Amino acid sequence: MTEMLRHALRMLLNLSLLLLATLTLLFFLVRLAGDPALILSGESSDPAVLAEIRRSLGLDQPLYRQYLIFLWQAVQLDLGTSWVSGQDALALALERLWPTLTLALAAIVLHLGLSIPLGAFLGATRSSIGVIGKVSRSLDGLILLAQGIPGYVVALMLIQWFAVQWQIFPSTGSDGVASLVLPALTITAFLAPKLIRVLAVNVGDALQDDYAVMARAQGASEPTVVLRHALPNALLGATALIGTQIANLVNGIIITETIFGWPGMGRLLLDSVLLLDFPVVQSVVLVTTTLVFAANQAADWAIRRIDPRIRYS
Amino acid sequence: MKKLLFRASLLVMLVLMVTSIVSPDLLEQWASERDLSRRLLPPLTDGYLLGTDGLGRDVALRLIIGAKHTVGIAALATLISAAIGIGLGLLSALTSSWIRQTLDRIVDLTIAFPSLVLAVTLVAVLGRSSVTLAFALGLFSWPVFARVTAAQTRGIVALPYVQTASYFGVSRWRIAFSHVIPVIAPTIGVLVALQFATLLISTAGLSFLGLGPGLGVPEWGSMLAEARAELNRAPWLLIGPGVAIAWTVLMMNSLAEKMASRLRLSHQRDF
Amino acid sequence: MSDPILLAKNLFFSYDESTSSKPILQDVSIAIASGSIVAIVGESGSGKSTLAKLLCGMLKPTAGEVRYRGEPLQAPAMTGLHLLSQEPYSTFNPYHDVRRLLCEPLQAQGQLPSSSQTVTRLLQNALDEVGLGHVPFDASPRSLSGGQLQRLALARILLLKPQVIIGDEPFSALDVSIRAQILELMLRLREERGLTYVLISHDIDLVERTADQVAVIHRGRIVESGAAKDVIAQPAHPYTLELRSASPIRRLHRSSITPVQVRQSTHTMALEIRDLQLRHTTENSDRVLVDGVDLTLERGDTLAIVGESGAGKSLTARAVIGLLPPAIRVSRGRIAIGETSTLEADARTLRQLRGSAVSYIPQDPLRALNPVRRIGDLFNELLSRHGVTSAQNRRDRAARCLQRVGLSPEVGRRFAHELSGGMRQRVLIAMAIAVDPLLIIADEPTTALDATVQAEILDLLRDLTDGSTALLLITHDLAVAANLCRRILVMRHGKVVEQGAFDQILTAPTADYTRQLILSSLLEAPRSDPTTPAPTTAPCEHRKDVEY
């Protein structure tokens, strides 16, 4: 019990450090951008207006005080109001949380549902002869090719075919499952080739491992060896990818939401960045940081539960 | 056959790159020349190999000139990220334990952090330009280099012959230069190629989102964005920049894979 | 006696100070007189290599101190205290050339002459002195043999004007004939330069021949020390006695008198191999790996295939179970298990055969057990595949088999990594007997195990293979073969050198190669590591095996 508590505390400390670092970075980045008052006033040059804005934002204080006030407000979850709409910045960001999570979940399901079977198939048939071998090698070549095509190009291709030419799925908006298809496919395109290839290598290697040979020596059929012996190990071997996959997922979401006009945090981030609406940018970045951290911790925890080698050590 | 294809592609790419870098001003002028009477021509018409874009500019020419921008930005970003990462990795592996712990913690926290989120912000803040973009991408992608360098260096430092050298009194930094760097260089080479491919995708991606060097510059990502605007009328505009990006990335990935298999690195699957 | 040149006082050492793990060295004190040869004798795992590193300052003791020439040990390499390692290959950067290798320490200590001619002369002298005068300066260490590298290591040390050389098993990685030459060289250098040697060794015969003083180390403690001749002639401590009786000369004697039971042969054939040929075929090469192997094995009989690595013995075994590595195939011959000719059999029949008629016990039990599946789960899968339909029966059978190999049925709930090396191999043996096989193939079943565990596993195998099962043992170790098998088949370069009854071949080998093999097994390391695995860089000291 105390062990768990200590673990939780350490996690909390790590998150706090990460958030502090991000906040600090953001604070100074915003100051680098120039005078916020100028941005806010719409480049107005009336000194009285500027001074008024500065006072209301606390910009007349010395820098270190501004920094401390900023941190103190952040601790109270007050990240200011949007410079564009005047709404609470954090609330704006959290409003977009749900659409983003929906999209992320759909993408993850699609991604894993595609990658795991494909990876297992490619790994198992790596050195097959005959038709299966040919299919396997062609698929492998295709995936190598797909790895080179960026997700946003895939997105445009999907839009061109499915939305413009055949008009099966909408290319923008967020109504119902149909509008989820193309964005989720796009994100999958960002993530899948890497995972498929790693899984294929892992499964192929695992099939050469002694325990796979042993299973065969005990009469196991090839599907049994692949599914029950090689794949579990290959999946656990691929867990090293989780961190970068989560990072890529977020990167993919930012681009995808923007392309498809999906009303999530990624699009909000980009819109706010282009408008230099920094309170909103800060809010989105903080929420994202927390989410990514939580996702990594959750993945870590899950692996600990699943992998017997870690569980007992 | 495959080998020949690969070498030929690599050669073509090199030639195009060199053309792009040393291209005379005249070529650049042609590339930005607008001819509104010849808008959105399909490929292979009127002597335009890849057709013309929405402003009547020659797509093929713009692609060649664009290589300078896209590949240049990605290369600069890779350089920044490698320099920071390798330096910190060596520092972490060769110095005292508290520096190591601090650095490792930083790497652990940041390696899984989505780089685009901060890169986007940084570009917005510093203003859009090629250098800013490269800087923003490089600054948030070094942890991979740091981790691999540190891990490899630690492995080498533990080797008996390095232990022997340090027993003979050879200094830490001399060990780094005579025993460590020559051995990790090929691995770093593989990583550089992979990272370059990744950063090229990010470069064009940010450009595509409007955070690139700016309007009028024939960067591949912004060409894609322009193509998107004309998607209804001229879907073929996707092909040029799309293929250019995919091809470069593919080349780099294959190059990395070839180097890695030569190094028998295939078991290090974590990057 | 004058003041010792090197003195260790009450040394304690453990790799991990925080845990309460057993220290590797406990209260070790030793004094080394200038100009003498002192031997430290012990098995692998006794802590003797750690002691060598402590004595030369490569490691710092957890407690206690080492004094060199009366002063606490500091920057030892500068002042003439040097380590000659067991593994000459690993102490030279393979990417550097001879000149660079020799110059590096000189340069580090600021002793490198500025004139390149002087350097050349200095290096040439050193090379001449160790008998490497003919080696060019730009030679890569990869082009040198083990003996040459050990000479090069000596040359590197000589350049630094040594006083004490600590040799950590400096001969054990070398060929037998080379060992004598290097020893001779070391003795000559000692004469000429008045060096002091500390020899760490497991070879009690060598120690008896060379050392003045000896200290016997056992489980991290020095159990006995004194003049070499006296200690070895009349050991006071039982462990020394045991070491002495494990000496190679006695070893063959012991194994040849071990009575291997001659079993009642039932005259039913378990395995028959006729004129087996295996080929490795790739795009650009086609090599014959195994050629013309003939053997027969009846139920109740035991046969060992003996040979060095690369002899094709493991491949032969893998061919029997039909699981050859990729690109290797049977290109000729016939294999029959019981009545079934496996090369003609379809995949389904083969699967039926594997794990029921023929069982396989692999070399490395850790890698052969799926790391993410429970032992009981693996048993369950195996038994359900071979016709034990009721889950309760499968559980009972698994429990019985585990008990038969001396394990608690509770082991079924564990994962492989939670078991010790010996327990894992027992689990695999239990799986091998779970289906009442006609034939058990054991491929180096003890190689990956610790010495004491090896003996237990051999006993277990001997007990279990009594009766109706045939045993085909693959091993490179004659002693293991002698312990288990009635008959022996010697292989070399993929061909059968000779085969016959074990006792007969051991006493009167007809082939030269067999004679050499017997001789080399005599010269191999004693009981401590009868298998001599390829030298690795990892120290064996911190290997932990859970006792059961």
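Helices here are DSSP runs of H or I with at least four residues, and strands are runs of E with at least two, numbered from the N terminus. The model is predicted.

**Exercise 1. Describe the make-up of chain B.**

Task: State how many helices and strands chain B has, and in what order its elements run.

Solution.
- Step 1. Count the elements. Chain B has 11 helices and 0 strands.
- Step 2. Read them from the N terminus. The order is α-α-α-α-α-α-α-α-α-α-α.
- Step 3. Add the extent. The C-alpha trace of chain B spans about 75 × 50 × 30 Å along its principal axes.
- Step 4. Add burial. Of the 271 residues in chain B, 48% are buried.
- Step 5. Look at contact range. Take the contacts in chain B between residues at least 6 apart in sequence; 70% of them join residues at least 24 apart.

**Exercise 2. Do the same for chain C.**

Task: Give the element counts, the buried share and the contact range of chain C.

Solution.
- Step 1. Chain C holds 19 helices and 20 strands.
- Step 2. Its length is 548 residues, and 45% of them are buried.
- Step 3. Among its contacts between residues at least 6 apart in sequence, 70% link residues at least 24 apart.

**Exercise 3. Classify a helix pair in chain A.**

Task: Determine how helix H6 (residues 97-124) and helix H9 (residues 178-208) of chain A pack.

Solution.
- Step 1. Take the geometry. The axes of H6(A) and H9(A) are 6 Å apart, at an angle of about 30 degrees.
- Step 2. Apply the cut-off. Angles under 35 degrees count as roughly parallel, so H6(A) is roughly parallel to H9(A).
- Step 3. Assign the hand. The crossing of H6(A) and H9(A) is right-handed.
- Step 4. Sort the contact residues. The H6(A)–H9(A) contact has 24 nonpolar, 7 polar and no charged residues.

**Exercise 4. Locate the largest nonpolar core.**

Task: Name the residues of the largest nonpolar core that touch the most other members, and follow one of them.

Solution.
- Step 1. This core has 230 residues; A:Val203, B:Val120, C:Leu439 and C:Ile441 touch the most other members.
- Step 2. Find the main contributor. H9(A) gives the largest share, 18 residues.
- Step 3. Follow A:Val203. Beyond its neighbours within four places in sequence, its contacts include A:Gly119, A:Ala120, A:Val226 and A:Leu231.
- Step 4. Note a separate core. Another one, of 79 residues, lies apart and includes C:Ala126 and C:Leu160.

**Exercise 5. Set out the two interfaces with chain A.**

Task: For chain B and then chain C, list the residues and elements that touch chain A.

Solution.
- Step 1. Start with chain B. Its 35 contact residues meet 39 residues of chain A.
- Step 2. Helices H4, H5, H9, H10 and H11 of chain B each give two or more residues to this side. H5(B) provides the largest share, 9 residues.
- Step 3. By class, this side of chain B has 24 nonpolar, 8 polar and 3 charged residues.
- Step 4. Turn to chain C. Here 24 residues are in contact with 20 residues of chain A.
- Step 5. The elements giving two or more residues are H11 (347-353), H12 (365-368) and H13 (375-385) of chain C.
- Step 6. The classes on this side of chain C are 12 nonpolar, 6 polar and 6 charged.

**Exercise 6. Place one residue of chain C.**

Task: Decide whether C:Thr510 is buried or exposed, and say where it sits.

Solution.
- Step 1. C:Thr510 is in the loop between helix H18 (502-507) and helix H19 (512-523) of chain C.
- Step 2. It has 11 other C-beta atoms within 10 Å. A residue with 12 or fewer is exposed, so C:Thr510 is exposed.
- Step 3. Set a distance. The C-alpha atoms of C:Thr510 and C:Leu106 are separated by 54 Å; the two residues are 404 residues apart along the chain.

Technical notes:
Residues numbered from 1 in each chain as written. Chains lettered and ligands numbered in written order. Predicted model: local features only at pLDDT ≥ 70, side-chain atom pairs only at ≥ 80, totals over all residues. Axes fitted to C-alpha atoms, helices over the stretch in contact; angles between N-to-C directions. Parallel < 35°, antiparallel > 145°, perpendicular 65-115°, else oblique. Left-handed = near helix turned anticlockwise from the far one by under 90°. Nonpolar A, V, L, I, M, F, W, Y, C, P; charged D, E, K, R; others polar. Contact = placed C-beta atoms within 7 Å. Buried ≥ 20, exposed ≤ 12 C-beta atoms within 10 Å, placed from the backbone. Core = buried A, V, L, I, M, F, W, Y, C linked by C-beta atoms within 7 Å.
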